[in-house]
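Visitor: Please take one part of this model and go through it closely. Start from a single residue and work outward.

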Amino acid sequence: MNEFELINHVRSLNETLGSRVVLPPGDDLGGLGFGPGVVVLAGVDQVIGGVHLPVDASPERYARKVICRSLSDVAAMAALPAGALVTAAVPVGLSADWGPRFADALNRIATQYDCPVFGGDVAAFANSAAPPLVTATVLASPDDSMSGRFLTRSGAQPGDEIWVSGFLGGSLRSDGSGHHETFEPRVGLALAIHRLIGESLHSMIDLSDGLVSDVGHLAVESGVKMTLESDSLPRRGAATPAEALSDGEDYELCFTVDPSVELPDCLDEIPLVRIGSVHSGAGVVILEDGVEVDFSSRGWEHRT
Ligand SMILES: [Mg+2]
């Protein structure tokens, strides 16, 4: 069973979850309701040595990546971070200062985002060759100043414009470094966009799998067709249009808005660019010089 089949299997269980689950698996965070108007959003991410970072990456790199990935999902909902729980399983024999350095870095970064780490667990693998495995479970609350409204992947409507923040592609350099480790979760930007245009902001996701994949999630959850204009994509450095479409780990916001809304081309000093439009139908279409191209036949595959 591949990842998508497993996700579909998990989602087949959604109807068994009961009424307390106000946002079931399928979005950037899940949501639990605790009575009228009280919703807690939560999500968990993991970082595995040798998969998401080099095995011997510093504890500071593990800390930054695991908390920032989770915070990017909070941004995707235009929600406010509340706090995080973190686990670390490390190989026996790892240097004694790994744990304190990990904790210090975690505390420093989480505090910047007003997301205190208020609990967790540590364990050691018996095998000294096992890679570090760290997780962050982040809790978040909807924005009170927006009457508790939060964004999901399911609100895109035909006629909407598709926008992204920042720049896309080339997140992972050949030496393993790059934007995927230095990105700033767009928590403040998401709140600012939502507060600026309110209910004209219809749907949102953070870009982790690659633009086409993630826009595909919006298309599926919203039941619409998404058209991306490859000439419009804001590209990072020397990234090609194909890389901007398919590279992962941009951790930017992709969102759809009512076409009557005027968005600024920059907010909080972060560029905002219109990259396409939403239509009736299904799937993701790429326009190149105004002509539809089938990206799946061109080998633009998810790289990370
Ligand atoms: Mg996400």
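**From one cysteine to the metal site**

Guide: Cys254 is buried, at a relative accessible area of 0%. The term "buried" means under 20% relative accessible area; exposed means over 50%, and partly exposed lies in between (1.4 Å probe, protein chains only). This is a predicted model, in which local features need pLDDT of at least 70 and side-chain atom pairs count only at pLDDT 80 or more, while totals for chains, interfaces and linings use all residues. Residues are numbered from 1 along each chain as its sequence is written, and side-chain values use heavy atoms, with hydrogens and water left out.

Take the cysteine's sulfur next. The sulfur of Cys254 forms no bond because the closest cysteine sulfur, in Cys266, is 18 Å away, which is too far. There are zero disulfides in the structure, a disulfide being a pair of cysteine sulfur atoms within 2.5 Å. Cys115 is also in no disulfide: the sulfur of Cys68, its nearest cysteine sulfur, lies 10.0 Å away. Cys115 is buried too, with a relative accessible area of 0%.

Now the strand. Cys254 shares one side of strand S10 with Thr256. Leu253, Phe255 and Val257 take the other side, and both faces are covered. S10 spans residues 253-257, and five of its five residues are buried. Helices (H or I, at least four residues) and strands (E, at least two) are DSSP runs, numbered from the N terminus. In a regular strand, side chains alternate between the two faces of the sheet.

S10 has partners. Strand S7 (residues 161-165) pairs with S10 in the antiparallel sense over four bridges. Two strands pair if DSSP finds at least two bridges between them. Within that pairing, Trp163 has Phe255 as its bridge partner. Strand S8 (residues 201-206) also runs antiparallel to S10, joined by five bridges. Here Ser203 is matched with Thr256, and Asp206 with Leu253. S8 is mostly covered as well: six of its six residues are buried.

Asp206 leads to the metal. The magnesium ion has three protein donors, Asp28 (OD), Asp73 (OD) and Asp206 (OD), at 2.0 to 2.1 Å. The donor residues follow the spacing D-x44-D-x132-D. Asp28 and Asp73 are 45 residues apart and link distant parts of the chain: Asp28 sits in the loop between strand S1 (21-23) and strand S2 (30-33), Asp73 in helix H2 (residues 59-76). Donors are N, O and S atoms within 2.8 Å of the metal (3.2 Å for Na, K and Ca); water is not among the atoms, so sites may look incomplete. Asp28 is buried at 9% relative accessible area. Asp73 is buried at 11%.

Asp28 touches several parts of the chain. Leaving aside neighbours within four places in sequence, its contacts are Asp73, Ala76, Met77, Arg153, Met204, Ile205 and Asp206. Contact means heavy atoms within 4.5 Å. The side chains of Asp28 and Arg153 make a polar contact at 3.0 Å. A polar contact is a pair of N or O atoms within 3.5 Å; within protein, one must be able to donate a hydrogen and the other to accept it, and residues adjacent in sequence count only if both atoms are side-chain atoms.

The loop holding Asp28 leads into another sheet. S1 and S2 run antiparallel, joined by two bridges. Val21 stands opposite Leu32 in S2. Six strands make up this open sheet, ordered S1-S2-S3-S6-S4-S5, with mixed pairing. S1 and strand S5 (117-125) are the edge strands, each pairing on one side only. The twist averages 25° from one strand to the next. H2, which carries Asp73, packs on the sheet and touches strand S3 (39-48), strand S4 (80-91) and strand S6 (133-141). The direction of H2 makes about 30° with that of S6. Helix H3 (residues 98-112) lies across S4, S5 and S6, at about 165° to S4. Axes are lines fitted to C-alpha atoms, for helices over the stretch in contact, and angles run from 0 to 180 degrees between N-to-C directions.

Finally, go back to S7. Arg274, in strand S12 (residues 270-279), has Glu161, Ile162 and Trp163 among its contacts. Arg274 is partly exposed, at 31% relative accessibility. Its side chain makes polar contacts with the side chains of Glu161 at 3.4 Å and Glu229 at 3.3 Å.
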